[in-house]
Amino acid sequence: MKLGRLNHVGVATPSIERSVALYRERMGAEVVRDAFVDTPNSQIELIEPLGADSPIIKFLEKNPDGGQHHVCFEVPDIHEAKAWFEGKGVRVLGEPRIGAHGTPIVFLHPKDMGGVLTEIMESPRQAH
């Protein structure tokens with residue numbers, strides 16, 4: 001199994017609206033869509049809590065201004081990747097589910113990934 005390109009970095013924020021303004025005004029981002037800031041070779045996913053039971057709440061309690069939440073890498077096959085990581089002793093958090101890009105994802109426990117919450121995402125299929 002080989003990791004593909006870095007797809008995006010997830011940034012937790014108490015307000016997507018304020019964060020979008022920051023990326024537009026301070027960094028010159030031209031396209032911000034669906035809480036994803038497009039960069040030339042990747043994206044930044046802005047995430048805010050959607051309810052009281054959101055896992056983002058605990059992150060923001062420790063980091064009130066927000067900050068880097070996770071990194072996401074693409075793989076060709078999510079099930080093959082899940083089995084590969086588990087075979088290496090990495091804790092996979094749950095079963096594959098559909099993520100924000102409409103493709104299957106899993107998260108890897110940060111304690112097994114050098115302290116970084118890591119999202120693994122199946123590469124989007126090209127429409128023919």
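**Exercise 1. Find which residue of E7 is the bridge partner of Leu-93, and describe how E6 and E7 are joined.**

Step 1. Start with the pair: Leu-93 has Phe-107 as its bridge partner in E7. The helices (H or I, at least four residues) and strands (E, at least two) used here are DSSP runs, numbered from the N terminus. This is a predicted model, where local features need pLDDT of at least 70, side-chain atom pairs count only at pLDDT 80 or more, and totals for chains, interfaces and linings use all residues. Residues are numbered from 1 along each chain as its sequence is written, and side-chain values use heavy atoms, with hydrogens and water left out.

Step 2. Now the strands: E6 and E7 run antiparallel, with four bridges joining them. Two strands pair if DSSP finds at least two bridges between them.

Step 3. Look at the turn. The hairpin of E6 and E7 has five residues between the strands, and Gly-102 there takes a positive phi near 80°.

**Exercise 2. Work out which strands E1 pairs with, and in which sense.**

Step 1. E5 (residues 67-75) pairs with E1 in the antiparallel sense, over six bridges. Within this pairing, Val-9 has Val-71 as its bridge partner in E5.

Step 2. On to E4 (residues 43-47): this strand runs parallel to E1, and five bridges join the two. Here Leu-46 of E4 stands opposite Val-11.

Step 3. Check the surroundings. E1 (residues 6-12) is largely enclosed by the rest of the structure, because five of its seven residues are buried. Buried means under 20% relative accessible area, exposed means over 50%, and partly exposed is in between (1.4 Å probe, protein chains only).

**Exercise 3. Is Lys-82 buried or exposed? Place Lys-82 in its helix as well.**

Step 1. Lys-82 sits in helix H3 (residues 78-87). Its relative accessibility is 11%, so Lys-82 counts as buried.

Step 2. See what Lys-82 meets. Its side chain makes a polar contact of 2.8 Å with the side chain of Glu-86. A polar contact is a pair of N or O atoms within 3.5 Å; within protein, one must be able to donate a hydrogen and the other to accept it, and residues adjacent in sequence count only if both atoms are side-chain atoms. Setting aside neighbours within four places in sequence, Lys-82 is in contact (heavy atoms within 4.5 Å) with Val-92, Gly-94, Glu-95 and Pro-96.

Step 3. Widen the view to H3. Ile-78, Ala-81, Lys-82 and Phe-85 are its buried residues. Seen down the axis of H3, they fall within an arc of 100°, so they line one face of the helix. The arc is that of the directions from the helix axis to the C-beta atoms. These buried residues pack against E5, E6 (92-98), E7 (104-108) and E8 (118-122), while the face turned away carries exposed His-79 and Gly-87.

Step 4. Finish with the ends. Asp-77 caps the N-terminal end of H3, with a side-chain oxygen 2.9 Å from the backbone nitrogen of His-79. After H3 comes Gly-89, whose phi is positive, near 85°.

**Exercise 4. Describe Glu-74 and what the residue touches.**

Step 1. Glu-74 is in strand E5. With 8% relative accessibility, Glu-74 counts as buried.

Step 2. Not counting residues up to four places away in sequence, Glu-74 touches several residues, among them Leu-3, Arg-5 and Ser-123. The side chains of Glu-74 and Ser-123 make a polar contact (2.9 Å).

**Exercise 5. Sort the residues of H2 by face: which are buried, and which exposed residues lie on the face turned away?**

Step 1. The buried residues of H2 are Ile-56, Phe-59 and Leu-60. They cover an arc of only 95° around the axis, which puts them on the same side of H2.

Step 2. The face turned away from the buried side carries the exposed residues Lys-58, Glu-61 and Lys-62. E1, E4 and E5 are included in what covers the buried residues of H2.

Step 3. Ile-57, also in H2, is partly exposed, with a relative accessible area of 26%. The C-alpha atoms of Ile-57 and Pro-14 are 9.0 Å apart, though the two are 43 residues apart in sequence.
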